[in-house]
Structure formats: structure tokens, C-alpha cells
Amino acid sequence: MGAPDFPADQMKHAAPGEGPRVLIVASPREIAPLTAVIEDGGLSGVLALPLDSDEPLGGAQLGRARLLVLEVDPGSSASMQRLTRVAEERPGLIVIAAVRDATVSLIRTIVREGVADVVSLPFDPQEVLQATLDAMARRDGDTRPPTTLAPLLSVVRSVGGCGATTVATHLAGALAASDTSGKGALVADLDVQFGTVTDYLGLAPNGRLNDLLEAHGRLDEELLKSVVIGAGEQLSVVAAPDTIMPLEQIDTDQLLKVIQLFRQQYGMVVLDLPADWTSWTLSAAAESDAILMVVELSLPSLRQAKRRLDLFRSVGIEDSAVHIVANRVERRLFSTIDLSDVARTLSHPVLASLALEEPLVSAAQNQGQLVNAVRPKSRFATDITKLAALLRSGPLNRGG
Ligand SMILES: Nc1ncnc2c1ncn2[C@@H]1O[C@H](COP(=O)(O)OP(=O)(O)O)[C@@H](O)[C@H]1O
Ligand SMILES: [Mg+2]
């Protein structure tokens, strides 16, 4: 038979504390067979909520659901009103009505309420799955801007100080230099507490990330232009806030809107994420085409990397989206930990390694320069160029 399975990317927005993106609300009798499938792992990312067909459905129960499958009893005005209310109160929510013995005229009435589709009761898991996927695909097709979104790369670290910001800034520079979209690359410093991107690039920002996050209705291309700082011809930068911002102060939806704007305006977007994981950092990571995890060749670093891989898995980020980069690698014949140890410990291949070059890297950063501007033939600069090319032709390739 094969249990139906929701593709993880449909559930990408789901992060801990946000609840599932698909909610099924039906009377206990109707929902029982679905609950069994969900518990078997056949419908992942879905929550089934038993509620009689005329029982009110509150905003808290809806949570951040993106799609709702709702039982509708056409014979009960309370049930019909519940449908109308949900559709009115949550215009962005995709609603699929579950109805017993639906007639054509009934379907017409329901569809007029703004319902995306109708499925029959008793539930057929396969039908629910198909209707859900179709409705989401249609909705995505409706709202996605005509311009395709730029590839998104998130750089994360195993432990603080292992070089994530160094990698993010240098990669953004290399991706900008090889830009063919004509839109350049953007690096955004999402390390809202300890961001150092503008320090490393020697920039004095006018505006910062918080200006974008607080803009709400005013968030647009013009505002973004006033906030970004140019760092060379093709590279633009969004600075982190200049005062330490509590991580929980960031609203996930607002941040995702800001990231979407980045991806509309630039040809390539690189995010430097904070060391701590919260709902919004996970959502940003989950949105990414590729997540680069920077590790050092040390046991503490690998231990933390392993824990982060587990965390990603637990929120539906696939292993294939995560790429390990070993930084500060010394060319020594004998070292206690080598790249094959990393791959084995993490059960994950290593995409690339970057040479340790002291004091070149920090000296360049102290001058507010990228290493390749100071010493283009250095091993670190060559390693970065190679990694950028690898990413461009692989995980960040959009078939163009
Ligand atoms: N490959 C490297 N060779 C030499 N020094 C490096 C290298 N990568 C990073 N560093 C240095 O390590 C320090 C921490 O790097 P940073 O990028 O700020 O780490 P993180 O963002 O992960 O906290 C910086 O002083 C930086 O110059
Ligand atoms: Mg950093």
C-alpha cells in the first residue's frame, strides 16, 4: 500500500513551537483512521485535532497552520458558520473542506466561501494527501513573484569562533565576483547579538537588519536599498543591529519576508546565522538551498556539529541540504583528527576544507579586507574560490 508521505519541503516552515503546517479538524469518529496513519509516520508534519463539526475553532488551535482540512456538516448552520469565520479571519490560510456525500450544489456553495478544495468523508488518507499537495502547489503558484528567488546559503557554526563569519564573508565575496545574474550577492548578518560582518569588511553602515525587521508595511525595495552597504562592486551587506538584540525579539514571519525581499533583489544571498538556535534561525536555515556548517578539527567542535545535525533532522531539514566545511585545516602529515575522521564522526561527507592561515586571515579582517584582496594567491583565498565554484555548480545551482 505504501503510506503517503508529505515531502519535507512542504513542511519547511515548521519549527519547534510553531506547530505543524497542516491541521486536520474533524469529529473524533472521522479523525480516528487518519490519526492511525499519522502515528505510523505516514503523514508527517500533520496534526489531527478531534473537534465536533459544530464546535468552534479558535485562533490558538489554528496556530501557524498554513493549510486546514476542516470537516463541514452542511446540515448544521453552526458548522457552516465555523467555515465562514475561519475563511474570513485567516485569509492566508488554505482551507480544504471535508464533507460527507457532497453534492455539486453543496460544493459550489462551499467553494464560494473561499475553500480551495473538497475531500470526501470518511477520509481517504491518499485523497487528503493529494488535495493538500495540489492546494499548496496552486497557492504557491499564485503568490510566488514572477521573478524566481535567488539561491539562499546559510552559514552556521559548530562552535563559536570556528570561522563561520570568516567563511560567510569570503564566500559572499567570491560568489559576488562570479555573479552572472547582474544583481550581485548579498551577505546579511543575522548574528543579532555578536555580528562582526561589517567589522571584517571595514564598513560603516547607515542602516541595519533591525530597520528591516521593524519596517512591517514599509518593507520594500527602497528601504532595503537605504539599509544595504556596498562592499565592492557586486557585494552588498546588511549589518547586524548595533546593540545586542534579544533573540526572541525576532518575529519569524517578518524575518522570512525580509529574506524573501533579499532573494528578489539579489542574485545570491548568504546569511551569517547566530550560534544559538531558536525558531527563527531554524526557519531561516530551513528556507535555505544549502546550509554550510563550519567545523574545526577538534572533538568539541565535532560533538556540537553532530548535535546540530540531529536538531536539523528533527525539524525536517534533510541531510542533503547540509554541507560540512572544515576550517583552519593545517597541512600536516600527522594530525590527531583528519577529514575522514570528521566524515565518519558526523556520518556526513565533508564538502571542502579551508586552510589555516595565521595571521593572514585575521590581519586582513583587521584591515577590513577580504583575504583575496590582500593576498589572492594564498591557500585560504584559493580554497574559498574553489568552494564558491563547488556551491555554484552544485547546491546553489538553479539549472542556469
Ligand atoms: N582559516 C583561517 N585561518 C586563520 N584564521 C582564521 C581562519 N578562519 C577564521 N579565522 C579567525 O578566527 C577568528 C574567529 O573567526 P570568526 O569567523 O569570527 O568565527 P565565528 O563567526 O564562527 O565566531 C577570527 O579572528 C578569524 O580571523
Ligand atoms: Mg561570527
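Q: What is a polar contact, and which one does Gly161 make with ligand 1?
A: A polar contact is a pair of N or O atoms within 3.5 Å; within protein, one must be able to donate a hydrogen and the other to accept it, and residues adjacent in sequence count only if both atoms are side-chain atoms. In this predicted model, a backbone N or O atom of Gly161 lies 2.8 Å from an oxygen atom of ligand 1. Local features need pLDDT of at least 70, and side-chain atom pairs count only at pLDDT 80 or more. Residues are numbered from 1 along each chain.

Q: Which side chain has an N or O atom 2.5 Å from an oxygen atom of ligand 1?
A: That side chain belongs to Gln365. A polar backbone atom of Cys162 is 3.4 Å from an oxygen atom of ligand 1.

Q: How much of ligand 1 does the protein bury?
A: Accessible areas come from the Shrake-Rupley method with a 1.4 Å probe. Alone, ligand 1 exposes 570 Å², and the protein buries 86% of that.

Q: Which residues come nearest to ligand 1?
A: A residue is near if one of its heavy atoms lies within 4 Å. There are 19 residues around ligand 1; Arg157, Thr166, Tyr200, Arg328 and Gln365 come nearest.

Q: Which elements give two or more residues to the shell around ligand 1?
A: Helices (H or I, at least four residues) and strands (E, at least two) are DSSP runs, numbered from the N terminus. Here they are helix H6 (164-177), strand E12 (322-329) and helix H14 (360-366).

Note on methods: Chains are lettered from A and ligands numbered from 1 in the order in which they are written. Side-chain values use heavy atoms; hydrogens and water are left out.
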